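Hi there,

Here is the structure I promised to pass along. Please have a look, and then read on for what turned up in it.

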Amino acid sequence: MPLAMARDPRSRSSLADAVRNVERAARIGGGGSRLSRILRPSFPALVVLIIAAGTALVAFAYTTRDVQARPVQNEDHWHSPYALWDCAEGTEGDFLPQFTSTDDGLGIHSHDDAIIHIHPYFEAASGENAQLEDFMTAMRAEISDDAITLDDGRVLAEDVTCGGEPAIIQVHRWEFASSVDEAPEVFTENLAELRFLNNGEAWIIARAPEGAELPPPPSIAWLGQIDPFALRAGEESTPLVTEPQDE
Ligand SMILES: [Zn+2]
Ligand SMILES: [Zn+2]
């Protein structure tokens, strides 16, 4: 082909040459469209690539699922009894009325039943983002490390003494409502960021002197009657106390 030999291979027409060569190869090979002639060599490679990518994706999904922090959005549905306690209420401290809000922006909410229902709809309230603050917001309340603002606007501040001791804002957490005879974990810092960690926790949100022993939430008594199907939905559902507590 004297014409091709005369050309500079780096010239602008080299692309046209390449196309012409492919066309020629297609004609010589016979059968099949030009397109399939071009694609045929890379098709098996493409299949291998797709299989490899699919396998990697499955492996990745499996790994992330394994370490995915709970509660998992649109999967877990947890129930945790809670109560508000104020040492300045009455003569020796008392529970305050439960929150009545049924706001449910993120899936961490209540049904006016003194139970925290935790079934996050969004990442913003699932896993490590499932925090006490989300619940308080749904209750139209607030908690900081030195004040609780109730849904009626009343503020419990660290400005009272109870039994001669200064009261502080604190949160008590029992891992399981079924074992409130054990000592709770007591938190006095970063209260808004406290995480919900499992189904059937029990919470007291309180103003009380440091080291105060507080009674567990009375709503433990009816936890067993709430949405039992949902309680079984989580694989780590907990045996729960159903008998009414004393008082
Ligand atoms: Zn629920
Ligand atoms: Zn609910």
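**What turned up**

Thr 149 has Val 155 in β7 as its bridge partner. This is a predicted model, so please read everything below in that light.

That pair belongs to the contact between β6 (residues 147–149) and β7, two strands that pair in the antiparallel sense over three bridges. They are part of an open sheet of three strands, ordered β5-β6-β7, with antiparallel pairing. Strands β5 (142–143) and β7 (155–157) have a single partner strand each and stand at the edges, so one side of each lacks a neighbour in the sheet.

Strand β11 (residues 202–209) is another one to look at: seven of its eight residues are buried, which leaves the strand mostly covered. Two strands pair with β11 in opposite senses. Strand β1 (residues 78–86) runs parallel to β11 and is joined to it by five bridges, while β9 (residues 165–174) runs antiparallel to β11, with eight bridges between them. Arg 207 is a handy residue to click on in your viewer: Asp 86 stands opposite Arg 207, and Ile 169 has Arg 207 as its bridge partner in β11.

As for the whole protein, there are seven helices and 11 strands. Buried residues make up 29% of the 247 in the protein. Taking contacts between residues at least 6 apart in sequence, 61% join residues at least 24 apart.

Happy browsing, and all the best!

Technical notes: Residues are numbered from 1 along each chain as its sequence is written. Chains are lettered from A and ligands numbered from 1 in the order in which they are written. This is a predicted model: local features need pLDDT of at least 70, side-chain atom pairs count only at pLDDT 80 or more; totals for chains, interfaces and linings use all residues. Two strands pair if DSSP finds at least two bridges between them. Helices (H or I, at least four residues) and strands (E, at least two) are DSSP runs, numbered from the N terminus. A residue is buried if 20 or more other C-beta atoms lie within 10 Å of its own, exposed if 12 or fewer, and partly exposed in between; C-beta atoms are placed from the backbone. Two residues are in contact if their C-beta atoms, placed from the backbone, lie within 7 Å.
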